[in-house]
Amino acid sequence: MALSRRHFFYGSLLAGAVPAVGFGSTPSLKALGFKSPNEKLNVASIGAGGQAASNISAAAPTENIVALCDVDDRRAAGMFTRFPNAPRFKDFRQMLDKEGKNIDAVIVAIPDHMHATAAMWCMERGKHVYVQKPLVRTIWEARQLREAAVKYKVASQMGNQGYSNEGTRQCAEIVWNGDIGNVTEVHAWSDRPMWPQGLTEIPKEDPVPSTLDWDLWLGMAEKRPFTADGKTEPDRNGGFFYQPFNWRGFYDFGCGALGDMACHILGAPNMALHLSQRKVTGVECVKKEGTSSFMFPKASVIRYDFAAYGDMPALKIFWYDGLKESPKISGVPDGEWIGDPPSAGGGGMGGGRRGGGAGAGAPGAAPGGAPGGAPAGAPTGAPGAARGGGMGMGMMRPASNEFRSPGRVFNWEEFQALKAATTPLRFPQPDGSLFVGDKGMLTTGTYGDVTRLIPIEKMKDYRMPAPLLTRSPGHMRDFIRACKGGDPACSNFEVSAPFVEWMLLGVIALRHEGKLDYDPDKMRITNNTEANKLLKPMFRKGWEFHAVKA
């Protein structure tokens, strides 16, 4: 069974999980004018504060930062100071016109509603693009960016950093190896939103700050008065009312908690179960709390149904957001940690909320754990690296500018130390996924981190399957390599656009009652005329882009 299944996945199904030409064995792109690996890219960024600052910092150690654009001088001040020689702009159109000849690649890390327009302007001019998740706000835009990357022959990457993580690949290989059998159900969850959602009134107009160009911030969205809800200082997340952080909760600007986190948390299921290759047979928001006429709800549960694919059976996926603790899932033993595990006191990631699993009250904490301990020089993913797949990296490997790449991997000794410790653990916010197969269960953290079988005792003598997928050098490095003529990035638009398409059906379902039926061939929701209107955005005059395919 295992041999035939592994052989099968080397063929047609493996091809469905990775770029059409593979993660790691593609013809050189230098013939298309891509740079040599030894040359530095000239990188510009549309967005310079918040997540954009992290992305810029990931590129800066090896590449040139040559231009910065941000509509909010206050938000961008840190990057403006760090790169004083980079020309500054508020309007990305002006940046591309004036500095285009000096730019090879562009980071796009701005509110969701402007991703597609900014990225299309860049690609039309032959610029490679790294676009933050969830890539776009509508399905039509996702298809447009996918077609444009091909037409303009540019490298691309969506900023769902977990797709580069070791644990995401381990998860796929465990599933493909048949170790949990046929998967018929996946549960994925998040504590998001950590910004306001479900509000029912828009505050009165406030003066626009002198540091902000409000009209450029609105971009393609319908004009409206600026409001800061009377605040003169941002909230704990750096937001006022709409911006610079809280836009995620608004229909017109973001995609809610689902758009913010599903591209991370559902990345491992998408890769392992070939979800982008399957037909979505139905999507429904089965529960929501705190609804609004202009914002996403405070909490929700969404069900996706997928058809069978290859020898994989049909399956259902449940998405939960707005959680204070991980969901209780049938078959998970009491006290079992699912999703992101806890860490020793003071080392957690999310402020100490006890959201680490179905049994979040499990005891203890551990002394700082030593790395898993693969033999020196052991290749990543090689058989025998470390028991339980430690692979030479400690389970609590810290983040860097690579934003968790290659991520944290499971280590049996460190996990047991956490279970046995007697001082309080630090529990992260509840985020993660659980695969339910007919032979067992598998859980991952937010970014595909700490992939492990459930119950945890199954990991004691477990050895990760031999790797089928090539490994990533880190998400930004992966993109940079593609720009210089290397392998296509692991979340290039051929991969990420189909992923985002099915995810965005859930965003639409949040705004309508009942199950949605979707015909991907016609890009049409067939049973709900009003929902069908949300497949394509409305553009404010002056912000349209040239459609690649109607």
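**Close-up views of a seven-stranded sheet**

**View 1. Asp305, a buried residue**. Asp305 has a relative accessibility of 18%, under the 20% limit, so Asp305 counts as buried. This is a predicted model. Asp305 sits in strand E9. The side chain of Asp305 makes a polar contact of 3.0 Å with the side chain of Arg303. Leaving aside residues up to four places away in sequence, Asp305 touches Lys279, Val280, Thr281, Gly282, Leu315 and Lys316.

**View 2. The open sheet and its strand order**. Strands of a sheet pair through backbone hydrogen bonds, either parallel or antiparallel. Seven strands make up this open sheet, in the order E8-E9-E10-E7-E13-E14-E15. Their pairing is mixed. Strand E8 (280-289) and strand E15 (452-454) are the edge strands, and each pairs on one side only. On average, neighbouring strands are turned by 20° against each other, direction ignored.

**View 3. Strands E14 and E15 side by side**. Strand E14 covers residues 441-444. E14 and E15 run antiparallel and are joined by three bridges. Met441 has Ile454 of E15 as its bridge partner.

**View 4. Helix H7 on the sheet**. Helix H7 spans residues 166-176 and packs on the sheet. H7 touches strand E7 (183-189), strand E13 (432-437), E14 and E15. The direction of H7 makes about 170° with that of E14.

**View 5. Helix H13 on the sheet**. Helix H13 (residues 493-509) also packs on the sheet. H13 touches E8 and strand E9 (299-306). Between the directions of H13 and E8 the angle is about 40°. Strand E9 is also where Asp305 of View 1 is found.

Definitions and conventions: Residues are numbered from 1 along each chain as its sequence is written. This is a predicted model: local features need pLDDT of at least 70, side-chain atom pairs count only at pLDDT 80 or more; totals for chains, interfaces and linings use all residues. Side-chain values use heavy atoms; hydrogens and water are left out. Two strands pair if DSSP finds at least two bridges between them. Helices (H or I, at least four residues) and strands (E, at least two) are DSSP runs, numbered from the N terminus. Axes are lines fitted to C-alpha atoms, for helices over the stretch in contact, and angles run from 0 to 180 degrees between N-to-C directions. Contact means heavy atoms within 4.5 Å. Buried means under 20% relative accessible area, exposed over 50%, partly exposed in between (1.4 Å probe, protein chains only). A polar contact is a pair of N or O atoms within 3.5 Å; within protein, one must be able to donate a hydrogen and the other to accept it, and residues adjacent in sequence count only if both atoms are side-chain atoms.
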